Amino acid sequence: MSERRNPAMRIGVLALQGDFAAHIKMLEGLGAEGKAVRLPEHLEEIDGIIIPGGESTTIGKLMVIYNLQEVLQRKIQEGVPIWGTCAGLILLAKETDNALLGQPLLASMNIRVRRNAFGSQRESFETDLSVPALGEAPFHTFFIRGPAVESVGPGVEVLATLDDGTIVAVREGTLLGTAFHPEVSGDPRFHQYFLRIVQGVKG
C-alpha cells in the first residue's frame, strides 16, 4: 500500500501569483496531482486547495476579478481542506491588523494575523522550526516578508512557534496555515501533512 501513497488526490494550487509551480512540483513528487487554478471551473473535482505566497492584496483582488472568492469560500464551507502559505495565511484569517480597507479575504480561520510581521530589517530570514506534528527532526523554514499569527481562537491548534513564541503555523480542522514557504525548503513533510488532512476527508 505504501507505493500508492496519494494515488487519486487532486490538489488545486491557486496560480494567480506566487511560486505555485514549486507547490505543484512538491505535490507531484509525493504522488498527488497538482493542478494550477486560475478560474472557478479549475476547482471542480478538487480534493484540496493550496493558496501560495505572494502579495495578499493583489491575490485578493485577483480572486474577485476571476470570480474565485465565492467559490473558495463555498469549498471551505463544504469542508474541502485548504492550506494557506504566507499571503495565503493572511487571506484565510478572520482578522488582520492592517489589511487595506476593502481587501477581499476568505475570512475563515479563527485567527488574527499581522502582515509583514518581521519588519523591513528582517524581511527575509531562515530558521529551523520544531514542528511536533511532523516528527522530531526540525523543519528548515524560509520567511519572505512573512506574516505572524497574533492570536488564535477556540478550535485552532498551534503547530509551530519561533523561539520568542511568535506563532507561525496553525491548523483549524481542515484549514492549515503557515507564515513561511515550505515549498522552497526541499523538505516534503508539510505537504505530506496536508495530504494526510485531505486523505482524512476523502476517507
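**Close-up views of the predicted model**

**View 1. Apart from residues up to four places away in sequence, Ser 185 touches Phe 139, His 140 and Phe 142.** Contact here means heavy atoms within 4.5 Å. The model is a predicted one, in which local features need pLDDT of at least 70 and side-chain atom pairs count only at pLDDT 80 or more, whereas totals for chains, interfaces and linings use all residues. Residues are numbered from 1 along each chain as its sequence is written, and side-chain values use heavy atoms, with hydrogens and water left out. Ser 185 belongs to the loop between strand S12 (175-178) and H5; helices (H or I, at least four residues) and strands (E, at least two) are DSSP runs, numbered from the N terminus. A polar atom of the Ser 185 side chain lies 2.8 Å from the backbone oxygen of Pro 182. The side chain of Ser 185 also reaches the backbone nitrogen of Asp 187, at 3.0 Å. A polar contact is a pair of N or O atoms within 3.5 Å; within protein, one must be able to donate a hydrogen and the other to accept it, and residues adjacent in sequence count only if both atoms are side-chain atoms.

**View 2. Val 184 is located in the loop between S12 and H5.** This residue is partly exposed, because its relative accessible area is 36%; buried means under 20% relative accessible area, exposed over 50%, and partly exposed in between (1.4 Å probe, protein chains only). Residues up to four places away in sequence being left out, Val 184 touches Asp 19 and Phe 142. Val 184 and Thr 141 are 43 residues apart in sequence, with 8.4 Å from C-alpha to C-alpha.

**View 3. Phe 190, in helix H5, and the largest nonpolar core, which has 66 residues.** A nonpolar core is a set of buried Ala, Val, Leu, Ile, Met, Phe, Trp, Tyr and Cys residues joined through side-chain atoms within 4.5 Å. Leu 14, Met 63, Ile 111, Val 168 and Phe 190 touch the most other members of this core. Helix H5 (residues 189-202) makes the greatest contribution to the core, giving six residues. Phe 190 is buried, because its relative accessible area is 0%. Neighbours within four places in sequence aside, Phe 190 is in contact with Trp 83, Val 131, Leu 134, Phe 139, Leu 159, Ala 169, Leu 176, Thr 178, Phe 180 and Pro 182. One of these contacts, Val 131, stands 59 residues from Phe 190 along the chain, and their C-alpha atoms are separated by 9.5 Å.

**View 4. Helix H2 (residues 56-65) has the lowest confidence, at a mean of 86.** At the other end of the range is strand S10 (residues 157-161), with the highest confidence, at 98. At the N-terminal end of H2, Glu 55 acts as a cap, with a side-chain oxygen 3.0 Å from the backbone nitrogen of Thr 57. The buried residues of H2 are Ser 56, Thr 57, Ile 59, Gly 60, Leu 62 and Met 63. They pack against strand S1 (10-14), helix H3 (69-77) and helix H4 (87-92). Asn 67 lies in the loop between H2 and H3. Although Asn 67 is not a glycine, its phi is positive, at about 60 degrees. Asn 67 counts as exposed, because its relative accessible area is 54%.

**View 5. Asp 47 and Glu 45: Asp 47 is found in the loop between strand S2 (33-37) and strand S3 (48-51), and Glu 45 in the loop between S2 and S3.** Asp 47 is buried, with a relative accessible area of 19%, whereas Glu 45 is exposed, with a relative accessible area of 65%. With neighbours within four places in sequence set aside, Asp 47 is in contact with Ala 8, Met 9, Arg 10, Val 80, Pro 81, Val 198 and Lys 202. Glu 45 is not a glycine, yet has a positive phi of about 55 degrees.

**View 6. The protein as a whole, with five helices and 12 strands, as setting for the close-ups.** The C-alpha atoms fill a box of roughly 45 × 40 × 30 Å, taken along the principal axes. Of the 203 residues, 52% count as buried. Among contacts between residues at least 6 apart in sequence, 65% join residues at least 24 apart. The average pLDDT (the predictor's confidence in each residue, from 0 to 100) is 89, and 91% of the residues score at least 70.
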